[in-house]
Amino acid sequence: MMKRVVMVLLVCGMCAIAFGATEDPWLMSPGERLAERFSAQAMREREAAARPTVRYVHPAFSPIFGDTHPHLFFPSELVDHFLRQTDRLPSQRDRVREQYRPAIAEAGWDYERFWRAVELAGTNYVATKRVFQQQVTRGRMDPSEEARLTLDLCRARAAALYSLRGEFGEVAFNKFLYTAVAPHVRMWSNSKRDAAMLVRIEGGCQ
């Protein structure tokens, strides 16, 4: 796995950095995304830009802010955020969903149909996520159970993304993720660990 990641980074090289700044982020390949995300120069630039807004920057982590660098996220990361954010109590759900109404309308999708499809596609993922969170809260999860649930989550996430792409079109739904979801996502990526993990997750942990 690590050899595969290293080869992707080497082959793409610095060409991906220019790509990310000029092309539609939903059209980038995984290799191009990896190359820029873990480019030493790009990571230093993101860290420098983040310093005025955060108290501490850990040397092993690099910031990724979706409002400025949406192309650095993988679709699996964005659909994960989207499904978790929209899994709310009924009293909160409508308010959260409303923020996506303009993007849904722009894509030409029916609002109610869109959310029915999201609920159906994310059923298994949401149920598994809740079990995982319950186990963590109770503090009773042994390593083998954690590994099993993590794998189940990964596969359920991949299945949800596959289903939504099938329902709305791969390019169109990817565009939705990068234009409507990514601007609200902020994370810190561990440069020493995340490359191999991202490749595996993007493949549905198969």
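**View 1. The largest pocket has a volume of about 560 Å³.** This is a predicted model, so read the close-ups with that in mind. Twenty-five residues line the largest pocket, and those nearest its centre are Glu-77, Asp-80, Arg-157, Met-197 and Ile-201. Sorted by class, the lining comes out as eleven nonpolar, nine charged and five polar residues.

**View 2. Several helices and a strand share the lining of the largest pocket.** At least two lining residues come from each of these: helix 5 (75-86), helix 9 (123-138), helix 10 (143-168), strand 2 (186-190) and helix 12 (194-202). For orientation, look for Glu-77, Asp-80, Arg-157, Met-197 and Ile-201, the lining residues nearest the pocket's centre.

**View 3. Helix 12 has a set of buried residues, and a glycine with positive phi comes just after the helix.** Buried here are Asp-194, Ala-195, Ala-196, Leu-198 and Val-199. Helix 12 is also one of the elements that supply at least two residues to the lining of the largest pocket. Just past the end of the helix, Gly-204 adopts a positive phi of about 75°.

**View 4. Phe-173 sits in helix 11 (residues 170-181).** Phe-173 has a relative accessible area of 0%, which is under the 20% cut-off, so it counts as buried. What does Phe-173 touch, leaving aside neighbours within four places in sequence? Its contacts are Val-79, Trp-109, Phe-114, Leu-161, Leu-164, Arg-165 and Phe-168. Ile-104 is 69 residues away from Phe-173 along the chain, yet their C-alpha atoms are separated by 9.9 Å.

Note on methods: Residues are numbered from 1 along each chain as its sequence is written. This is a predicted model: local features need pLDDT of at least 70, side-chain atom pairs count only at pLDDT 80 or more; totals for chains, interfaces and linings use all residues. Side-chain values use heavy atoms; hydrogens and water are left out. Helices (H or I, at least four residues) and strands (E, at least two) are DSSP runs, numbered from the N terminus. Buried means under 20% relative accessible area, exposed over 50%, partly exposed in between (1.4 Å probe, protein chains only). Contact means heavy atoms within 4.5 Å. On a 1 Å grid over the protein atoms alone, a cavity is a set of points where a 1.4 Å probe fits but cannot get out, and a pocket is an open set with protein on both sides within 12 Å along at least five of seven lines; lining residues have an atom within 4 Å of a point. Grid points are joined across faces, edges and corners, and a volume is the space filled by probe spheres set on the points. Ala, Val, Leu, Ile, Met, Phe, Trp, Tyr, Cys and Pro count as nonpolar, Asp, Glu, Lys and Arg as charged, and the others, Gly among them, as polar.
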